[in-house]
Amino acid sequence: MSSIPEQLRLKFDRALVDAFGEELAGTDPLLASTNNPKFGDYQANLAMSLAKRLKQKPRDIAQQIVDRLEVSEICEPPEIAGPGFINLRLKREFLEAQLQKMQGSDRLGIDPTETPQTTVVDFSSPNIAKEMHVGHLRSTIIGDAIARVLEFHGDNVLRLNHVGDWGTQFGMLITYLREAYPDALTQPDALDIGDLVAFYKKAKIRFDEDPEFQETARNTVVKLQSGDTETRQAWELLCDQSRREFQKIYDRLDVQLQERGESFYNEMLPQVVEDLEKQGLVVEDQGAKCVFLEGYKNKEGNPQPLIVQKSDGGYNYATTDLAALRYRIREDGAQRVVYVVDAGQGTHFDQVFQVARRAGWIPEGVEATHVPFGLVQGEDGKKLKTRSGETIRLKDLLDEAVRRARADLEKRLQEEGRQESEEFIENVANVVGLSSVKYADLSQNRTSNYIFSYDKMLSLQGNTAPYLLYAFVRVQGISRKGAIDFENLGEVSMSLQEEPEFVLAKHLLSLSEILDEVASELLPNRLCQYLFELSQKFNQFYDKCPVLQAEEPLRTSRLVLCDLSARTLKLGLSLLGIEVLERM
RNA sequence: GGGACUGUGGCUCAGAAGGAUAGAGCAAGCGCCUCCUAAGCGCUAGGUCGCGGGUUCGAAUCCCGCCAGUCCCGCCA
């Protein structure tokens, strides 16, 4: 079952070739949804764009296409309007048949792609020995949603957590702990993760002030890199403790990730530089090995380098990223590598991709993409901080969302005189709280900054998770009230009668176009928009069209619309990493 | 100095391979529960799409210039 625009595209292609010859084959019919129901459901805008090429009037072109367009099974007779728009209105019988197919499919009529791609999604990426904070929120949530959409799309997805588990900071931390709290380096969990963060800060201060400490820290890094047993063990202890701490957050958010940190690429770094040298891309400048970039100038107007090896022989993160990109393409077989990293890194990725491309590490047909996102800001428009100016821990942020969801739920239960079990309350508060945080983030176009507001995300009205969850709950209400088993509705025959039914049906049938779009553009907010509109359209239908009291065959037909709405919501939300509730 | 991103009703945002009168939500005002949970639905009001040029049948969308905000630019990651 292909999407409706896809079906129409084929028809247009035939009509076009028929009317104007083979050379027009494959011309995009420029199909778009209409913005006004009086123009039908879809419009094709190609006649205007062909006017110059064919040296004919757009309306005449449109007429010739329409004369040869065989869409009578899908649409009412096409109409030509305005300067040459071809307007198409879907037929009732066609919609009914499509809905029946959708009903009978466990993927809601959406086939997996015929050309699956191996795709690496690099996201989350916290730093070892630090706690996850707001900064990791967007990458984790957006990355997970993108991975889920691509998985459903049929791609072979590798979810990689490129954790910061290497580099000078470990020399610093281990050196500091050795003098301040040696137990932490030999015994698991001797320190709380929060204390570790505090020690890290102190270590950083010492490092910046004390040259002797600096020297020792550098030596520790060298020891670590050369595999000194004691240092290595201390490092592993720290990594392990952090890892378990991260996992708690991932479990709460239901995020699957494979850890492959910076250290994984460590031993490949000399080879990376060597290969760049062999290709003549490396120039030594002030003792550092550099690749000079095309299209970048420094403050003095001279070409700007990407440093691949520091003058002290060490490597920095550009080299690690080059090694990672190369490994992912060569060894993992990635055809697409997607980096879900904040927008501030845009230049860095652009530079790394440029060097990798010049080195021939990104072959034809392989795509490396930075998927940028903006900052999380407080309601004052500044970077989100606690009242005392501290960075907000992700754990606290999630706790607070759940706490507020719970308080709101309890207030309503009291007002409505409802009695619910503690288990029910806890589960609803948890799902509502976490899904609100996720949805608020995902529903914005990720490229802009985003203003974080508990009040807005938890609101029961508007484009929020609770509003969508409620639409799903309403269907479950019908099912309980009427003792309906949606999985066994028997022989269904659709019958669309009222306007809200048509509107809902058409929206349901456009899911696959949206998912294709999200898979290619990597913009989860498009899916959110779709689901929000679906909820609105379902609520309008629910308001105007009684279901359980309707006469057959209308009753079953409406039950199918309910079922499809619920299943679409559930699927769509699951692709955003959001669970649904039976009652709330 | 160079570069990237952002600028759309009071507020938060959709809409960018050009398409018909620019869409939502919140907040405001007014309606709708003998009927599947009103956590809902309907109506009203609110916009020089930052500013100025250009391209064209047509521009929020493409090009150029300017203004404002955020961020990045050789040895941190």
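**Close-up views of the predicted model**

**Asn539 meets a sugar or linking oxygen of RNA strand B.** A polar side-chain atom of Asn539 lies 3.3 Å from that oxygen. The model is predicted, so local features need pLDDT of at least 70 and side-chain atom pairs count only at pLDDT 80 or more, while totals for chains, interfaces and linings use all residues. Residues are numbered from 1 along each chain as its sequence is written, chains are lettered from A and ligands numbered from 1 in the order in which they are written, and side-chain values use heavy atoms, leaving out hydrogens and water.

**Gln43 and Leu460 also make polar contacts with RNA strand B (N or O atoms within 3.5 Å).** For Gln43, a side-chain N or O atom is 3.0 Å from a base nitrogen of the strand. Leu460 uses a polar backbone atom instead, 2.9 Å from a phosphate oxygen.

**A surface of 67 residues surrounds RNA strand B.** Here, near means a heavy atom within 4 Å. Asn36, Asn87, Lys310, Arg474 and Tyr542 come nearest. By class, the surface has 23 nonpolar, 30 polar and 14 charged residues. Asp, Glu, Lys and Arg count as charged; Ala, Val, Leu, Ile, Met, Phe, Trp, Tyr, Cys and Pro as nonpolar; the others, Gly among them, as polar. Look at the RNA side too: 55% of its atoms within 4 Å of the protein belong to sugar or phosphate, and the rest to bases.

**Several helices and strands build the surface near RNA strand B.** Helices (at least four residues) and strands (at least two) are DSSP runs numbered from the N terminus. Helix H2 (46-54), strand E4 (85-88), strand E10 (303-309), helix H16 (465-481) and helix H19 (524-544) each supply at least two residues. The largest share comes from H19, with nine residues.

**Helices H4 and H17 pack at an angle of about 55 degrees.** H4 spans residues 92-103 and H17 spans residues 499-508; their axes are 10 Å apart. Axes are lines fitted to C-alpha atoms over the stretch in contact, and angles between N-to-C directions run from 0 to 180 degrees. The pair is therefore oblique. Under 35 degrees would be roughly parallel, over 145 roughly antiparallel, and 65 to 115 roughly perpendicular; the rest are oblique. H4 contributes Arg92, Leu95, Leu99 and Met102 to the contact (heavy atoms within 4.5 Å), and H17 contributes Phe502, Ala505, Lys506 and Leu508. Six of these residues are nonpolar, none is polar and two are charged.

**Helices H1 and H3 pack at about 115 degrees.** H1 covers residues 4-20, H3 covers residues 58-68, and their axes are 8 Å apart. That angle makes H1 roughly perpendicular to H3. From H1 come Phe12, Ala15, Leu16, Asp18, Ala19 and Phe20; from H3 come Ile61, Gln64, Ile65 and Arg68. The contact divides into seven nonpolar, one polar and two charged residues.

**Two loops hold backbone exceptions.** Most residues other than glycine have a negative phi, and most peptide bonds are trans. Ser124 has a positive phi, near 75 degrees. Ser124 sits in the loop between strand E5 (118-122) and helix H5 (134-153). The peptide bond from Glu552 to Pro553 is cis, with omega near 5 degrees. Pro553 lies in the loop between H19 and helix H20 (554-575).

Methods:
Polar contact = N/O pair within 3.5 Å; in protein donor to acceptor, adjacent residues only side chain to side chain.
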